[in-house]
Amino acid sequence: MYDVKENLHKVLADLPAGVRLVAISKYHPNEYIMAAYEEGQRLFGESHEQELRQKHETLPKDIEWHFIGHLQTNKVKYIVPYVAMIEAVDSLKLLREIDKQAAKCGRVIDVLLELHIAEEETKYGLTPDACRQLLADGEWRQLQHVRICGLMMMASYVDDEEQIRGEFRTARLLFDEIKAHYFADAPWFCERSWGMSHDYALAVGEGSTMVRVGTTIFGPRVY
Ligand SMILES: *Cc1c(COP(=O)(O)O)cnc(C)c1O
């Protein structure tokens with residue numbers, strides 16, 4: 001096995017107080033997750049509904065699961081009963097569906113809004129203006145079963161550190177703007193989820209509160 005325990009401790013040692021590690025375990029077997037669990041890690045992230053369901057059913061129940069992938073509205077009902085946070089909400093439609101399903105099981109689900117700032121073409125994530133629009137629209141205020149806790153983003157997958165830093169800074173500025181505008185009195189709006197294996201050190205330098213690290217801990221994914 002890849003030296004999960006040693007790698008986990010190396011990553012944790014890089015994180016200042018107040019920055020949490022979401023260990024991204026997608027495509028990795030339960031034994032890898034258990035190796036990290038035995039070292040005290042309780043927060044894990046997955047990006048596929050079925051895989052998450054299997055892991056949730058077979059692994060210890062005190063694991064906190066974050067859903068980090070693109071979530072189709074028809075899959076929301078399967079994860080809402082147990083998921084701790086849905087990190088990549090990028091439409092009002094998805095937010096409404098999470099609210100509806102959470103109401104059915106009497107839960108309030110913590111979510112992050114996913115930003116699209118990177119230069120890469122992707123269908124997912126809200127541009128800064130789309131994010132402003134979603135909040136300005138105001139319908140989210142009626143959704144009693146979702147709690148918007150902050151922002152999530154992925155920087156461009158490039159070597160240029162200045163570019164990556166710039167993208168994290170853009171996200172940070174938008175976070176501050178939204179916080180001041182809509183969530184000044186909401187202490188739960190405090191999460192900035194940025195930083196992955198190749199850029200978490202930069203992310204931490206730019207105000208991340210939650211890094212999502214997979215490969216550095218568990219090794220390359222076997223698809
Ligand atoms: C897979 C994934 C990660 C982890 O990526 P690594 O490069 O393996 O650290 C982080 N965030 C999201 C959204 C992912 O899909």
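Here is a short chat about the ligand site, a helix and the cores of a predicted model.

Colleague: Before we start, what are the ground rules for this model?
Modeller: It's predicted, so local features need pLDDT of at least 70 and side-chain atom pairs count only at pLDDT 80 or more, while totals for chains, interfaces and linings use all residues. Residues are numbered from 1 along each chain as its sequence is written, and side-chain values use heavy atoms, with hydrogens and water left out.

Colleague: How much of the ligand's accessible area does the protein cover?
Modeller: Residues around the ligand (a heavy atom within 4 Å) include I24, M152, R212 and G214. For polar contacts (N or O pairs within 3.5 Å), a ligand oxygen is 2.6 Å from a side-chain N or O of K26, and one is 2.5 Å from a side-chain N or O of T215. R221 puts a polar side-chain atom 2.7 Å from a ligand oxygen. Of the 390 Å² that the ligand has accessible on its own (Shrake-Rupley, 1.4 Å probe), the protein covers 90%.

Colleague: On helix α3, which exposed residues sit on the face turned away from the buried side?
Modeller: Helices here are DSSP runs of H or I, at least four residues, and α3 spans 49–58 with E49, E51, L52, K55 and H56 buried (under 20% relative accessible area, whereas exposed is over 50%, 1.4 Å probe, protein chains only). Those five cover an arc of only 160 degrees around the axis, going by C-beta directions, so they lie on the same side of α3. They pack against α2, β2, β3 and α4. The face turned away carries Q50, Q54, E57 and T58.

Colleague: Which helix gives the most to the largest nonpolar core?
Modeller: A nonpolar core is a set of buried Ala, Val, Leu, Ile, Met, Phe, Trp, Tyr and Cys residues joined through side-chain atoms within 4.5 Å. The largest has 65 residues, and I86, L95 and I98 have the most contacts inside it. With 6 residues, the helix giving the most to this core is α7.

Colleague: What is the C-alpha separation of V11 and A201?
Modeller: V11 is in helix α1 and is buried, at a relative accessible area of 0%. Beyond its neighbours within four places in sequence, V11 is in contact (heavy atoms within 4.5 Å) with L21, Y200, V213, T216 and I217. V11 and A201 are 190 residues apart along the chain, and their C-alpha atoms are separated by 9.4 Å.

How values were computed. Helices (H or I, at least four residues) and strands (E, at least two) are DSSP runs, numbered from the N terminus. A polar contact is a pair of N or O atoms within 3.5 Å; within protein, one must be able to donate a hydrogen and the other to accept it, and residues adjacent in sequence count only if both atoms are side-chain atoms.
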